[in-house]
Amino acid sequence: MKTAVDRLAAAIGYPDGDPTGTAVRILRVDGMEVEAEERDGRIVLSYALDGEAALLPSLAEYAAGRMLKEEATLAWDAEGAGEGRAILWQDASSSAGERELSRLFETFMDSCDWWRARVEALRGSEAASPEETMMIRP
């Protein structure tokens with residue numbers, strides 16, 4: 001029987017092909033590892049941002065503005081990677097159709113790209129331009 005994770009993989013054309021029947025799967029796309037998990041009637045995508053805990057306050061400054069623009073949410077996973085880690089997650093109903101699952105994945109990957117760029121900018125490897133960030137003005 002196909003799980004929501006299997007249906008997601010099929011909807012995005014993930015090359016792994018055969019259904020695994022498991023509720024958790026790691027999808028490797030564009031150099032990122034995205035975890036897809038089915039739980040409590042939801043399919044949850046999550047991506048661990050590659051930043052140190054010290055970057056979290058700076059990343060959190062972006063969170064409110066990004067919530068207005070996207071469905072993905074920045075969170076802290078206290079159990080991940082020893083001391084914890086910042087993650088990005090987004091979910092949908094596990095009964096979602098192929099089109100909804102495909103759209104879920106596309107929008108989530110767009111969010112991951114944006115947040116990865118912020119992590120790199122905060123590390124000093126590139127400067128974020130005002131055009132790339134969402135600002136809330138009075």
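What area does the protein chain expose, and what share of it do carbon and sulfur atoms supply? The protein chain exposes about 8200 Å², of which carbon and sulfur atoms supply 48% (Shrake-Rupley method with a 1.4 Å probe; for residues, only the protein chains shown count as cover).

**Figure 1. Overview of the predicted protein chain.** This is a predicted model in which local features need pLDDT of at least 70 and side-chain atom pairs count only at pLDDT 80 or more, while totals for chains, interfaces and linings use all residues. Residues are numbered from 1 along each chain as its sequence is written, and side-chain values use heavy atoms, with hydrogens and water left out. Three helices and five strands make up the secondary structure, in the order α-β-β-β-α-β-β-α along the sequence (DSSP runs numbered from the N terminus: helices are H or I, at least four residues; strands are E, at least two). Of the 138 residues, 38% are buried (under 20% relative accessible area; exposed is over 50%, partly exposed in between; 1.4 Å probe, protein chains only). Among contacts (heavy atoms within 4.5 Å) between residues at least 6 apart in sequence, 54% join residues at least 24 apart.

**Figure 2. Close-up of the aromatic pair Y62 and W114.** The whole structure holds three aromatic pairs (rings of Phe, Tyr and Trp, the last by its six-membered ring, with centres within 6.5 Å; planes under 30 degrees apart are stacked, over 60 edge-to-face, the rest tilted). In one of them, Y62 and W114 meet edge-to-face, with 5.4 Å centre to centre and 85 degrees between the planes. Because Y62 belongs to helix α2 (residues 56–69) and W114 to helix α3 (residues 98–122), this pair ties together parts that are 52 residues apart in sequence. Y62 is partly exposed at 22% relative accessible area, whereas W114 is buried at 12%.

**Figure 3. Close-up of the aromatic pair Y62 and W115.** The ring centres of Y62 and W115 are 6.3 Å apart and their planes stand at 85 degrees, so the pair is edge-to-face. With Y62 in helix α2 and W115 in helix α3, the pair ties together parts that are 53 residues apart in sequence. W115 is buried, at a relative accessible area of 1%. Ring pairs link Y62, W114 and W115 into a cluster.

**Figure 4. Close-up of R66 and R118 over the ring of W114.** The charged end of R66 sits over this ring, 3.8 Å from its centre (NZ of Lys or CZ of Arg within 6 Å of the ring centre and within 35 degrees of the ring normal). R118 also lies over the face of W114, at 4.4 Å from the ring centre.
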